[in-house]
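Work through these exercises with the model open. Try each task before reading its solution.

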Amino acid sequence: MYFQSLMRRPEIGANSYLLDLDGTQVILDSGMHPKEVGSDAVPDLSSLPFNSVPHAVITHSHLDHVGSLPLLQRNHPSATINLSDPTLHLTDAMLHNSVNVMSSQREELGLIEYPLFTHREVEDQVSRWRPRPLRKPFNLDDAGAATCEFYDAGHILGSVGAMFRARGKSIFYTGDVNFEDQTIARHADFPIEGPLDLLIMECTRGDAPRHPEYRRENEVLRLAAAIREGLRKGGSVLIPVFAMGKSQEILMMLNELRLQGEIPAAPIFVGGLSTKMTRIYDQFADRGRRHFPDFKILTEMDLQVTSRRKKKSTLEYHPGAIYALSSGMMSENTVSNEFAFQFLPNANNSLLFVGYTDPDSPAGRLKMAEPGTLVSLNPKRPSVRLMADIQTFDFSGHADRDTLRAFANRLKPKKILLVHGDAPATAWFQATLSADMPGTEVRVPPPGEKISIG
């Protein structure tokens, strides 16, 4: 029994791993790296013989966990893809959108290998996707010697952690997890007792200590104050959001703040992809663990939807409005990026960041820029002068490092493998958990190396 990272580098990116459970092999997630292109953007499946893996487990539908799933299924056409029911629907939508994005990149960047897969390929592969309920073990082999059980991860709709059991061994993979309540999503409902032979744990926020006085409710009120001030000045508010997860969380937060009288009833503009994902969120409004059960965002909120079929330049600026637009990092050619060219030069406007931003992304450059300076948002277009007010808020969908540390200490596994983290994050966890639990082996798995589970 062993674990093997299928990633090309130990980082956050094309997340994918192999578990060998006494001969039964399972691939954990199959992502695509958001900053790479071509083969560098996908996992390295070259060590796996064709059609040799019978199962894959998908923890949630963000592209860094599902973006290369069609390639995995192309190499392992008989594999059963195990995932939650919401993740099935969200992944289907995300992969079709990915085909559209890659087709555009083929034209804009001259990437002749794009798209890496087609709409038809996605449609044909969905028949091998199997929705699995929470806390009900399912077999990974005919004899039932290897099983998997899903637990709510509290990250986004449908996100799960996975417990594997085989030959008397127990292995838990967190996927992306949040142990705190969000606006819609409830905190993770993970196992709280060992013994555990192996913990495969995400480390996203390992290098970002949270202020000891942080309280989410205070952060919500701080956001409300920033929105009120931006609108009071006669400007508008731009909130860059990821189309899936963060968009729905922020929309629900805005609705609650409006009902509480914390912000005025300003028009709220959203993008077409966010609307598509919100429709799936609404489809599952009456199912699962969530706050505001039965509340359907698109039905009960008066949103202004910007159509993806029109040119992005048709999104006109209106004073006194709130724009919740993707992408959260304001990546080139996304709605938030294009809109920023007309938004940022206006000193009455406010740009409010509510999630993680890569330092190399346009959003990361904006956060580091001095007021009044020129900022490059797209290398193919002139830089834009930053006059709008910028503020940052902590509404991360990932667990902070202290709650992850407490989780690991509670389970006291024999071995911990640290994944889904940049080098400073995994280094902090490796040093800290090794000191916490001297009897536990704590490692950052190198790509390709087979690590014995014991």
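A residue counts as buried when its relative accessible area is under 20%. The model is predicted.

**Exercise 1. Strand β12**

Task: Decide which faces of strand β12 are covered, and find which strands pair with β12.

Solution:
- Start with the general rule. In a regular strand the side chains alternate between the two faces of the sheet.
- Now apply the cut-off to residues 237–240. Val237 and Ile239 lie on one side of β12, Leu238 and Pro240 on the other, and all are buried. Both faces of β12 are therefore covered.
- Take the first partner. β15 (residues 322–325) pairs with β12 in the parallel sense, over four bridges. Here Val237 has Ile322 as its bridge partner.
- Take the next one. β16 (residues 350–353) also runs parallel to β12, joined by two bridges. In β16, Ser350 is the bridge partner of Val237.

**Exercise 2. A seven-stranded sheet**

Task: Give the strand order of the open sheet of seven strands, then name its edges.

Solution:
- The order reads β6-β5-β4-β3-β2-β1-β22, and the pairing is mixed.
- β6 (129–131) and β22 (450–452) are the edge strands, since each pairs on one side only.
- Neighbouring strands of this sheet are turned against each other by 25° on average, direction ignored.
- Check one pair inside the order. β2 (residues 17–21) and β3 (residues 24–28) run antiparallel and share five bridges. Leu19 has Val26 of β3 as its bridge partner.
- Add the helix. α3 (residues 85–109) packs on the sheet and touches β5 (80–83) and β6. The direction of α3 makes about 145° with that of β6.

**Exercise 3. Two contacts of helix α6**

Task: Classify the packing of α6 against α5 and against α7, by angle and by residue class.

Solution:
- The cut-off needed is this: 65 to 115 degrees counts as roughly perpendicular.
- α5 (residues 216–232) and α6 (residues 246–259) have axes that come within 11 Å and cross at roughly 75°. The two helices are therefore roughly perpendicular.
- α5 supplies Arg216, Val220, Leu223, Ala224 and Ile227; α6 supplies Glu249, Met253, Leu254 and Leu257. By class, that gives seven nonpolar, no polar and two charged residues.
- Turn to α7. Its axis is 9 Å from that of α6, at an angle of about 75°. So α6 is roughly perpendicular to α7.
- On the α6 side, Ser247, Gln248 and Leu251 meet Ser274, Met277, Thr278 and Tyr281 of α7. This contact has three nonpolar, four polar and no charged residues.

**Exercise 4. Helix α7 and Lys296**

Task: Test the length of α7, judge how enclosed α7 is, and then place Lys296.

Solution:
- Length: α7 (residues 272–283) has 12 residues, and at 1.5 Å a residue the expected span is 16 Å. The end C-alpha atoms are 17 Å apart, which agrees.
- Burial: nine of the 12 residues are buried, so α7 is largely enclosed by the rest of the structure. Among them are Leu273, Met277, Ile280 and Asp282.
- Cover: the elements over these buried residues include α3, α6, β13 (268–270), α8 (297–300) and β14 (303–305).
- Lys296: this residue sits in the loop between α7 and α8. Its relative accessibility is 38%, so Lys296 counts as partly exposed.
- Neighbours: Lys296 touches Asp282 and Ala285, leaving aside residues up to four places away in sequence. Lys296 and Asp282 are 14 residues apart in sequence, yet 4.8 Å apart in space, C-alpha to C-alpha.

Definitions and conventions
Residues numbered from 1 in each chain as written. Predicted model: local features only at pLDDT ≥ 70, side-chain atom pairs only at ≥ 80, totals over all residues. Heavy atoms only, no water. Buried < 20%, exposed > 50% of the residue type's maximum accessible area, 1.4 Å probe, protein only. Pairing = 2+ DSSP bridges. Axes fitted to C-alpha atoms, helices over the stretch in contact; angles between N-to-C directions. Contact = heavy atoms within 4.5 Å. Parallel < 35°, antiparallel > 145°, perpendicular 65-115°, else oblique. Nonpolar A, V, L, I, M, F, W, Y, C, P; charged D, E, K, R; others polar. Expected span 1.5 Å × (residues − 1).
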